Each structure stands twice: as C-alpha cells, then as structure tokens.
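Please open the structure in your viewer and keep the selection tool at hand. This tour goes from one selection to the next and says what can be found at each stop.

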Amino acid sequence: MCPSVRVVRLNGRDPDQRRLAWTSADIFCSFADNIQETFGITPIEAMAAGIPLVVSDWDGYKDTVTDGREGYRVPTCMAPPGAGQDLAFRHSIGLDSYDRYCGYTSSFVAVDVGKAIDAFVALFESKDLRNSMAAAAVATARSRFDWRVVIPQYEELWTEMTEIRNNVEAIDSLIDPEPARLEPFGAFSAYPTNVLSRESEVRLRSGSLAKALDDLAQIKSLAMINFADSVTPSAEDAGQVLSLLTNGVKTVGEIERMTPQSMGYSCHRYLVWLAKVGLLEIR
C-alpha cells in the first residue's frame, strides 16, 4: 500500500543481522491489530535498543509504551460487539483456520492513518525529539523490564498463587472445559482505543468520492487485502457506503438509516474496514 517506500528485509534468525537492524534503526513501528497480540515483546526490544516508537494503541502496548514519552501510541478502532458472530462460527466449524480467523478479525480493526502520519512527521522533523524519546525508552526498559526487576515480580506472583491454591476448596470438575468460540469483537473490546458506535463520526479522508473510488479499486487488487474478500465489502458495497459521505461528516447512526436493512451489522464492519485501508476517518 506504500509503493514508493523502499523495503529492506533482514533475516531475524541471524544474530548479526538482528543486531544490525536494532543498532541502525531511527524509529521502531509496530501497528498490531489482531486479537492474538497480547503483551508484545518487540516494543520492549526497541526500547532496550534506544529507539523511539510508533505503535498502535492496542492491548499490551497500552501498558508498555507511554504515549508522548518513549514514542507515540496511535489510536485504534474496532467493529462493535456482535459484528463478528459469523467469523467465530466459521472458525468453530473448521471452515477457517485459526490464522485465517485472526486475519479476518483484524480486517475490522483500524489504526488511525492520520494520527500515524502526524507521529511519523513529528519524529522525522525533530532529531531532538527522537533523541529525548530514545533516552526515555532506554530508561523505561531498564527500570521496568530488566530481569532484575521482572523476576522479583514473578516471585511475588508465585507466592500469591500458592496462597490462593492453599486456601481454596478442590474443584471436582469443570462445567464447560471447552467453551464455544467467543464472538471476537465483544470478547476483545478492551484491546482497541475505541469501539465503533452509532455516535462515531465518519468522513472521507480524501474529500473526493472519485479519488476514494479510484484508491478503492487499487486496494482491492492487493493480495494483502483481497485474501479476506469473503468477509470484507465488495467494491460495489464499499462504493455505496463511500457515496453516502460526499456531503461531509455523518454519524454511524445516520449512515445506518441510509443503507439497506439487508446490510445489517455489515455496515459497521465496512466502515471500520474502509478506515483501516485509509479511505475513511472515524472520530
């Protein structure tokens, strides 16, 4: 999606190349957007290497990167609870693998493109800012994530767990040892910054419907996007939603009332997907 950007891939299994990557980098970026990502070790490695960060405001990253200190956390938005019942069902009956389930779900998580641009520009334009955030990153890595700090916390946790086990009655059996697959957007609604709601405001990022439709055609041709064609909007449906925004900002509730009832919860998913690929802005 960024054809003008030069990409250099290194073999992370090679220690020399891995060290080269960490020592030569100016900015670290990780826009995690999937429900599999929990803590996330790579931002900690970046902080230890003294690199300012631009990461998504997502699950564990919220606990490890302080926005404006070691770097920037870019806001995220997820489809609302209930909008992923079909995704959970497809996985539970074996139609989709776990990896595909995660990929389909992450298709409806958007990282704020405008805020990401702002974060990168701020760091690109100021060496002082990069240096101050790099210094803060090293300090955080040493004070919070050095093994000398982490191991005592583990020991406290183990002691606490032992006390709990010693003071609880034995449980004969589990009522439901294999619970059904959970609807992802309800189960993981605490991961993103925001969940799409009827009060959310939406607008075209380009301001031009013709430009948005042209970009949409190019985006839909990419393998990194069209692998999820069976659950993401068709070009026709996406174009229909985009056309509703030619007169400026609308709330999700207003868009709901203007779309066919047959679209149902898909309308919410389509809006987040269109924001994910940079065609809409959600506030």
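Is aspartate 59 buried or exposed? Select aspartate 59 in what is a predicted model, and you will be looking at a residue that is buried, with a relative accessible area of 18%; the cut-off for that word is a value under 20%. Aspartate 59 sits in the loop between strand 2 (53-56) and helix 3 (61-64), and its phi is near 40°, a positive value in a residue other than glycine. As a rule, most residues other than glycine have a negative phi.

**The whole chain**

Now zoom out until the protein chain fills the window, and colour it by secondary structure, which should bring out 14 helices and 9 strands. The C-alpha atoms fill a box of roughly 60 × 55 × 35 Å when this is taken along the principal axes. Of the 283 residues in the chain, 39% count as buried. If you consider the contacts in the chain with a separation of 6 or more, residues 24 or more positions apart account for 72% of them.

**Helix 4 and its partners**

Select helix 4 (residues 85-92) together with helix 14 (residues 266-276), and show the side chains of aspartate 86 and arginine 269. These two residues form a salt bridge in which the closest N and O atoms are 2.7 Å apart. Because aspartate 86 belongs to helix 4 and arginine 269 to helix 14, the pair ties together parts that are 183 residues apart in sequence. Aspartate 86 is partly exposed, at a relative accessible area of 23%, whereas arginine 269 is buried, at 3%.

Keep helix 4 on screen and add helix 5 (residues 98-106), whose axis lies 10 Å from that of helix 4 at an angle of about 170°. The two helices are therefore roughly antiparallel to each other. To see where they touch, select Leu87, Ala88, Arg90 and His91 on helix 4, and Tyr98, Tyr101, Tyr104 and Thr105 on helix 5. Sorted by class, the residues of this contact of helix 4 with helix 5 are 5 nonpolar, 2 polar and 1 charged.

Arginine 90 deserves a second selection, this time with aspartate 96, since the two form a salt bridge whose closest N and O atoms are 2.6 Å apart. Both aspartate 96 and arginine 90 are buried.

**Helices 10, 12 and 14**

Next, select helix 10 (residues 209-220) and helix 12 (residues 235-243), whose axes come within 10 Å and cross at roughly 155°. That angle makes helix 10 roughly antiparallel to helix 12, and the crossing of the two is right-handed. On the side of helix 10 the contact is made by Leu209, Ala212, Leu213, Leu216 and Lys220, and on the side of helix 12 by Ala235, Ala238, Gly239, Leu242 and Ser243. The residues of this contact of helix 10 with helix 12 fall into 7 nonpolar, 2 polar and 1 charged.

How does helix 12 lie relative to helix 14, and what is the angle between them? Bring helix 14 back into view, and you will find the two packed at about 85°, with their axes 10 Å apart, so that they are roughly perpendicular to each other. Here Asp237, Ala238, Val241 and Leu242 in helix 12 meet Tyr270, Leu271 and Leu274 in helix 14. In this contact of helix 12 with helix 14 there are 6 nonpolar, no polar and 1 charged residues.

**Helix 8 and the residues around it**

Move on to valine 150, which lies in helix 8 (residues 147-166) and counts as buried at 18% relative accessibility. If its neighbours within four places in sequence are left aside, valine 150 is in contact with Arg144 and Phe145. A distance drawn from the C-alpha atom of valine 150 to that of lysine 220, 70 residues apart along the chain, should read 45 Å.

Select aspartate 146 and arginine 148 as well, for they form a salt bridge with the closest N and O atoms 3.0 Å apart. Aspartate 146 is partly exposed, with a relative accessible area of 24%, while arginine 148 is exposed, with 70%.

**A last selection**

Finish with Asp112, Arg203, Glu281 and Arg283, which are linked in a network of salt bridges. The structure holds 13 salt bridges. In general, side chains of opposite charge can pair when their charged atoms come close.

Note on methods:
Residues numbered from 1 in each chain as written. Predicted model: local features only at pLDDT ≥ 70, side-chain atom pairs only at ≥ 80, totals over all residues. Heavy atoms only, no water. Salt bridge = Lys/Arg side-chain N within 4 Å of Asp/Glu carboxyl O. Helix = DSSP H or I, 4+ residues; strand = E, 2+ residues; numbered from the N terminus. Buried < 20%, exposed > 50% of the residue type's maximum accessible area, 1.4 Å probe, protein only. Axes fitted to C-alpha atoms, helices over the stretch in contact; angles between N-to-C directions. Parallel < 35°, antiparallel > 145°, perpendicular 65-115°, else oblique. Left-handed = near helix turned anticlockwise from the far one by under 90°. Contact = heavy atoms within 4.5 Å. Nonpolar A, V, L, I, M, F, W, Y, C, P; charged D, E, K, R; others polar.
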